[in-house]
Amino acid sequence: MSRTLSQPGRSGFDVVRWRPRSVAIHDADGAVVFSCEAIEAPTAWSANAVAVVARRYCAYGPAGAVQPIRDLVARVVDVISGWAQGYGQAGGAAEARILADELTALVVSQRATFATPVWLNVGMELAPLTSACFILAAEDSISGLLEWNRREGLIFQQGGGTGINLSAIRSSRERVSRGGLASGPLSFMRATDAWAATMRAGGRARRGAKMVVLDAWHPDIYDFIAAKAREEERGRALAAAGYPAGEVTRSLAYQQTNHSVRVSDAFMRAVQDGGEWALRAVTTGETLDVVPARDLLRACARAAWACGDPGLQFADRIAEWHTCPAAGPVTASNPCGEFLSIADSACNLATVNLLAFLDGGRFDTDAFRATVGDLVLAMDAIVDGSGYPTETIAAHARALRPIGIGFANLGALLLALGIPYDSDAGRAWAAAIAALMTGAAYRRSAELARALHPFADFARNRRPMLRVLGQHRRALAGLRGEEPADVIDAAQHEWAAALALGRDHGFRNAQTTLVPPTGTVSIMLDCETTGVEPYYAFTTVRHLADGGRLRTASQALVRGLEALGHSTATVEALAEYALDHGHLAGALGLPAEEAAVFATATGPNRLTAQAHLRMVAAIQPLLSGGVSKTVPLLEEATVEDVEAVFLEAWRLGLKAIATYRDGSKLLQPLTADD
């Protein structure tokens, strides 16, 4: 252990200044839905960050008094460092103190943070649930389906989300033991979605979040594909009849659930070639129907056009990058699609704020590597200290020890550098950072394996894991052109060390990195863009699941304009224009050749679907897990446009993809601010 941010003999809280803050969250009519008076918080944190952290994470005391932010951070960090000392990730009390100080400094300086379940639960009970992501197993029996519901309830109550593949559930065209027809997976999906809608994480945060996956060969696949689109159609009819949109949305089925269809390369080739596709009985494997593959993909595109669901998960691509096939296949993901692992598994997450590591025009690779290394130690300790909803999940979590370090603010980083998101340079920066993050994480993981022992399932997965890590390193070797040389050099150094150590000692963690959507934690870090996303707009309104809304405006815009050499007067005028319009299209004083730097996901100067897909394709081979990604489309986009996104995502080698057409749902959480 070494100190990067903190100082010996001083608290990690001392790296920032503090002052009392009075903050509030308002609804669209201006009414206060949450307020907090004189809560001490870091001076540099925005009012939005302070308010959201106080509301969602700070425990409430007598008469509703909010716990200080210092106490929140100390509660979590002290427990994690204690776990690290007890389980061996820190070599004694002195190293545990350094780890605690460094983690504290990372959080209060908004460089990195843990996912919501950690902040809600750590320090509140002896063995807290800390994982944000769970993948559950499906069993074709009433007792198994009821157990699915019970497990999800426990996970939702403590802030986690679940995914499950229901292809093992017999279809509505197959018989049950007493001779009648089975209900099929959709009937149980409706029930479990309603249960998820009743569960509020920690009593304060969002409702339960789910992913349900069905393989493209399942006989009920067409009903599954159309399920959410039919509900959206019903909702629009009710809204047209005069019912309030919010009330209507709460009455619709599947609103807590993301739907994905799992497809193989064979299916996608059949789509390309105009071939047929067999739908097979779950119980016997016999062919019950044969359909044109193109019709099935078109049905997916039509439903996604109507409501955003389903997305696609590409089974063969996921299997190609699976580090532990001996432990079982990957058939599903967490709700947002970035954690891909075996059934009955769990993963805790952390997010790094990329913009916090930009020093002038240079990315601080040393500080970034140190941050990733500290997170690996902390998150590996969390695996040991955490509680789990079932013994099977606990066994798998400790046998594979997956962790998920991701990043946010990529779009803001590129803007501050004056680099277009949709450019070779932009993709090179993103790929280089992803390579450095994964290499640094696996290096630290190999060091932990040397000091302690590798994950329990490493021996029988040694060959495939080293093969997959070799694929990552070859992807790094393939980077060339406009990428930042110092970041590439640092990544190559980390990967060389990781593989050398890993061959000798194994690895502590089967997976280390992914890119989540970073909702609440991105607000905690004051990130202007989430996950891998570009700017949605330069001024936005975010509608919060627990009531109220947040208005945000880009601060990195000024840095980007300055990086491009604009005068102070021009910067001020353009920043004011962006604040008023949400974009810079048509702004006087902005040269046409710079327009690409300021392209956004919405508005007149809009990024294409290809821009989104190419960015995901650039970083995917350099990450352990997946990338949570929804491609935004114009309201006037067609079903054919959605289908083209699905096909291109497969051709580019993505693991999963979803789409959303602007305005296709009655309510949507993020809008450009007018």
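## Salt bridges across the model

In this predicted model, a search of the whole structure turns up 36 salt bridges. Let's walk through a few of them. Asp140 pairs with Arg170, and their closest N and O atoms are 2.7 Å apart. Asp140 sits in the loop between strand E4 (133-136) and helix H5 (142-157), while Arg170 belongs to the loop between strand E5 (161-165) and helix H6 (185-198), so this salt bridge ties together parts that are 30 residues apart in sequence. With a relative accessibility of 26%, Asp140 is classed as partly exposed.

A second salt bridge joins the side chains of Asp344 and Arg151, at 3.0 Å from N to O. Here Asp344 comes from the loop between strand E12 (340-341) and strand E13 (345-353), and Arg151 comes from helix H5, so the pair links parts that are 193 residues apart in sequence. Which side of the cut-off do these two fall on, buried or exposed? Asp344 has 10% relative accessibility and counts as buried; Arg151, at 7%, counts as buried too.

## A local pair and a network

Arg460 and Asp457 also form a salt bridge, with their closest N and O atoms 2.6 Å apart. The partners differ in their surroundings: Arg460 is exposed, with a relative accessible area of 51%, whereas Asp457 is buried, with a relative accessible area of 13%. The cut-offs behind these labels are over 50% for exposed and under 20% for buried.

Elsewhere, salt bridges that share partners bring several residues into one network. Its members are Asp366, Arg369, Arg443, Arg444, Glu447 and Glu494.

## Glu152, a buried acid in helix H5

Helix H5, which supplies Arg151 to the salt bridge with Asp344, also holds Glu152. How accessible is Glu152? Its relative accessible area is 0%, so Glu152 is buried. Leaving out residues up to four places away in sequence, Glu152 touches Leu136, Thr162, Thr192 and Lys210.

## Helix H22 and Glu643

Another buried acid is Glu643, at 10% relative accessibility. Glu643 is part of helix H22 (residues 639-651). Setting aside neighbours within four places in sequence, the contacts of Glu643 are Leu297, Arg298 and Ala301. Between the C-alpha atoms of Glu643 and Thr659 there are 9.8 Å, for a separation of 16 residues along the chain.

The helix itself has 13 residues, which should span 18 Å at 1.5 Å a residue; the end C-alpha atoms of H22 are 19 Å apart, in agreement. Besides Glu643, the buried residues of H22 include Val639, Val642, Val645, Phe646 and Trp650. Glu648 is buried as well. After H22 comes Gly653, which has a positive phi near 85°.

## Helix H2

Helix H2 covers residues 69-87, 19 residues in total. From its first C-alpha to its last, H2 reaches 27 Å, close to the 27 Å expected at 1.5 Å a residue. Which residues of H2 are buried? They are Ile69, Leu72, Val73, Arg75, Val76, Val77, Ile80, Ser81, Trp83 and Ala84. For reading such a list, it helps that an α-helix has 3.6 residues a turn, so residues three or four places apart point the same way. Ile69, Leu72, Val76 and Ile80 are among the buried residues of H2. Just as H22 is followed by Gly653, H2 is followed by a glycine with positive phi, Gly88, near 105°.

## How H3 and H12 cross

Two packed helices are described by the angle between their axes and the distance between the axes. For helix H3 (residues 93-108) and helix H12 (residues 365-385), the axes come within 11 Å and cross at roughly 120°. Their crossing is left-handed.

Which residues of H3 and H12 meet? From H3 come Leu99, Glu102, Leu103 and Leu106, and from H12 come Thr371, Asp374, Leu375, Leu377 and Ala378. The contact is made up of six nonpolar residues, one polar residue and two charged ones.

## Ala226 and Ala299

One more pair brings together residues from separate stretches of the chain: Ala226 and Ala299 are 73 residues apart in sequence, and their C-alpha atoms are 7.6 Å apart in space. Ala226 lies in helix H7 (residues 221-240). At 19% relative accessibility, Ala226 counts as buried, because the cut-off for buried is under 20%.

Notes. Residues numbered from 1 in each chain as written. Predicted model: local features only at pLDDT ≥ 70, side-chain atom pairs only at ≥ 80, totals over all residues. Heavy atoms only, no water. Helix = DSSP H or I, 4+ residues; strand = E, 2+ residues; numbered from the N terminus. Expected span 1.5 Å × (residues − 1). Buried < 20%, exposed > 50% of the residue type's maximum accessible area, 1.4 Å probe, protein only. Axes fitted to C-alpha atoms, helices over the stretch in contact; angles between N-to-C directions. Left-handed = near helix turned anticlockwise from the far one by under 90°. Contact = heavy atoms within 4.5 Å. Nonpolar A, V, L, I, M, F, W, Y, C, P; charged D, E, K, R; others polar. Salt bridge = Lys/Arg side-chain N within 4 Å of Asp/Glu carboxyl O.
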